[in-house]
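Here is a short tour of a two-part topic: annotated spans and the space between chains. Please keep the viewer open while you read.

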Amino acid sequence: MSDPTTLTTDHAVQVASATPPAPRRPRRLSDRGLAVAFISPALLLLLGMSVFPLLWALYLSFTDYSATRGGQAHFIWFENYTAILTSAQVHLRALTTLIYVVGAVTLQTVLGFAIAYLISRRTHGRGLLTTLFLVPMMLSPVVVGLFWRFMFDAQFGVINSMLGSLGLGQVEWLTQQRTALMSLIVVDTWQWTPFIMLIALAGLTAVPKYLYEAASIDRASEWFRFRTITLPLVWPLLLIAVLFRAIEAFRLFDLVYILTSGGPGVSTETLSFHVYKVAFLGFNTGTASAYGILMVLVVMVLTQLYLRYLNKLKED
Amino acid sequence: MAVSVDEAASTDPVRDHTPPARRLRGRGRGRSVLEVALLTVLAVVMLFPVLWMIETSIKENRDVYAVPAKFFDFKVTMGHFKDVFVAPGGGRSALSVAFLNSVVVAGVSTALATVLGVPAAWAYSRFAVKAKKDQLFFILSTRFMPPVVVVIPIFLMYRQVGLIDTKLGLILIYAAFNVPFTIWMMKGFVDEVPAEYEDAAMLDGYTRLQAFRRFTLPLLLPGIAATAVFALIFSWNEFVFAIFLTSSDSVRTAPPAIAGLIGGTTVDWGLVAAASVVFALPVLVFAYLVRKHLVAGVTLGAVRR
């Protein structure tokens with residue numbers, strides 16, 4: 001989209017340097033100056049608030065520094081990393097996170113796409129329906145977490161109350177090993193299904209109408225149309241949404257903090273939550289930094305994947 | 001960087017895949033009814049928690065804790081909303097201070113991100129910057145860092161320079177998290193404004209900076225407004241940095257303050273609900289205002305239509 005309108009100035013500079021047309025040269029130089037002046041403040045802020053902290057964390061991850069104990073940080077090289085990678089505790093959290101990410105993102109994708117598909121088939125009230133469905137996504141995780149915590153409450157939660165009136169037994173949603181992680185997945189799904197829905201809907205409405213018309217002239221079955229037209233055309237966009245959600249779910253912290261605080265036991269402790277515990281409750285800053293750096297590596301891999309698909313989508 | 005998925009608009013109600021006349025015949029009609037029913041059920045499930053939150057916020061305490069839950073016949077009270085703003089002994093409550101802090105922090109950080117991000121987006125869109133793609137990807141990837149990880153060195157850094165438990169500290173980190181978003185989102189908007197306008201203005205004797213300020217910038221204003229609204233929502237809703245970097249009541253923003261309401265042994269759920277409603281309402285209003293740009297907004301400007 002941008003390519004035809006972008007000015008390729010640096011290419012032009014090379015050509016111009018042979019025989020510089022006198023009046024144009026200073027303007028081109030000021031273009032470069034302008035670009036630097038406009039971009040560098042933003043980049044400086046990012047360097048100061050994102051890159052520098054990460055580099056510091058990288059340094060700390062090779063030491064035994066503790067934020068409470070203070071004192072000198074001693075270099076212990078890869079000890080923190082080996083300790084984390086071989087720790088059974090960490091493996092358990094990685095498994096919890098994996099279950100959570102895969103469970104939540106799968107549910108969201110299926111539900112979100114289904115809703116988008118149903119909405120896209122409506123002729124009337126589509127705008128209103130979309131707006132209504134989008135509400136959960138705009139809420140703060142704090143609000144969402146608090147409210148589901150109230151609804152999940154074993155004593156006066158509305159969910160148990162409804163179960164009770166259906167003649168079913170009471171469930172201690174957030175305080176039982178088996179249901180706590182499930183509840184977390186349910187809440188995340190509730191909040192982020194609209195996200196997938198929104199993007200799937202964007203994809204679905206972009207499918208050219210004539211394709212369906214051509215298919216129905218050929219008397220193609222509905223399923224055939226869905227499989228050969230809808231899905232292939234929406235899939236690239238959907239994949240972006242899924243990857244985006246996967247990254248977000250992997251980083252998730254606030255919902256766990258509010259809903260379960262990792263409990264009961266450690267059954268809902270995700271990697272993010274564990275890092276927090278090591279860093280702020282255990283005050284093993286060095287270990288926590290190494291832990292964090294490893295998480296950043298995972299996020300970087302996922303981000304690369306995301307950006308690659310994004311690029312592919314852009315090129316098509 | 002903008003992704004264009006043809007020309008469609010999802011909120012446009014006239015567009016549909018199958019002409020209704022064809023669909024409504026025979027078997028199609030039964031299916032259509034089924035689909036509407038399914039959509040209705042899904043909408044009710046999705047909206048129930050929100051409705052329940054609103055309902056709880058206006059219930060008398062006795063009805064809030066009623067077992068079985070009371071759906072309709074409850075006593076209405078505005079007491080919880082009063083408690084959000086007024087302290088029990090009169091005067092301003094801690095929550096209302098927190099709301100005010102949220103307004104300041106979200107507002108200033110958004111302004112900062114806009115001031116830094118918009119010119120950068122324009123420069124990335126108009127000029128051939130060295131390794132432009134890599135720079136843009138680097139910028140976006142800083143936004144994807146897990147906050148819990150970033151907060152550890154930020155915490156140490158702030159402790160060194162005395163920014164712990166200050167609004168300025170929060171403003172800076174929120175601005176840093178919103179700048180990547182602003183750049184990506186705004187670059188899409190700038191790309192949509194033809195560079196020829198500026199070229200033409202420059203032929204008329206304006207400098208490039210003047211051309212930007214007098215011709216491009218006015219055209220970008222709606223985009224800037226939408227982008228700023230999203231940045232505002234992100235900062236308003238943010239919780240992780242707020243809870244780790246601030247502690248005192250006079251600095252704390254609303255999310256940690258509301259979360260703090262459930263700290264004790266008994267929880268005043270009516271108050272929690274009222275505070276949540278007050279907190280969420282502006283977000284919903286703002287989100288409604290920028291609904292046209294939601295897809296781009298929630299994907300950090302990466303996907304556009």
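How much of residues 98–124 of chain B is helix, and how far apart are the end C-alpha atoms? The span is 100% helix and 0% strand, with its end C-alpha atoms 37 Å apart. Helices here are DSSP runs of H or I with at least four residues, strands are runs of E with at least two, and both are numbered from the N terminus.

Before going further, please note that this is a predicted model, in which local features need pLDDT of at least 70, side-chain atom pairs count only at pLDDT 80 or more, and totals for chains, interfaces and linings use all residues. Residues are numbered from 1 along each chain as its sequence is written, chains are lettered from A in the order in which they are written, and side-chain values use heavy atoms, leaving out hydrogens and water.

**Annotated spans**

UniProt, in an unreviewed entry, marks transmembrane regions in chain B, including 98–124 and 136–156. Unreviewed entries also give the feature "domain: ABC transmembrane type-1" at residues 94–306 of chain A and at residues 99–290 of chain B. Such annotations may be inferred rather than shown by experiment; their positions follow the numbering used here and feature names are shortened.

| Span | Helix | Strand | End C-alpha distance |
|---|---|---|---|
| Chain A, residues 94–306 | 79% | 0% | 21 Å |
| Chain B, residues 99–290 | 79% | 0% | 22 Å |
| Chain B, residues 136–156 | 86% | 0% | 28 Å |

**Where the chains meet**

The contact (heavy atoms within 4.5 Å) takes 114 residues from chain A and 127 from chain B. Together the two chains bury about 10900 Å², 76% of it on carbon and sulfur atoms; buried area is the accessible area (1.4 Å probe) lost on putting two parts together, summed over both. Between chain A and chain B there are 3 salt bridges, each a side-chain nitrogen of Lys or Arg within 4 Å of a carboxyl oxygen of Asp or Glu. In one salt bridge, the side chains of A:Glu222 and B:Arg31 meet at 3.6 Å, N to O.

**The enclosed space**

The structure holds 8 cavities of 30 Å³ or more, where a cavity is a set of points on a 1 Å grid at which a 1.4 Å probe fits but cannot get out. The largest cavity has a volume of about 760 Å³. Of its 34 lining residues (an atom within 4 Å of a point), the closest to its centre are A:Pro141, A:Trp192, A:Glu248, A:Arg251 and B:Phe234.

Notes: On a 1 Å grid over the protein atoms alone, a cavity is a set of points where a 1.4 Å probe fits but cannot get out, and a pocket is an open set with protein on both sides within 12 Å along at least five of seven lines; lining residues have an atom within 4 Å of a point. Grid points are joined across faces, edges and corners, and a volume is the space filled by probe spheres set on the points.
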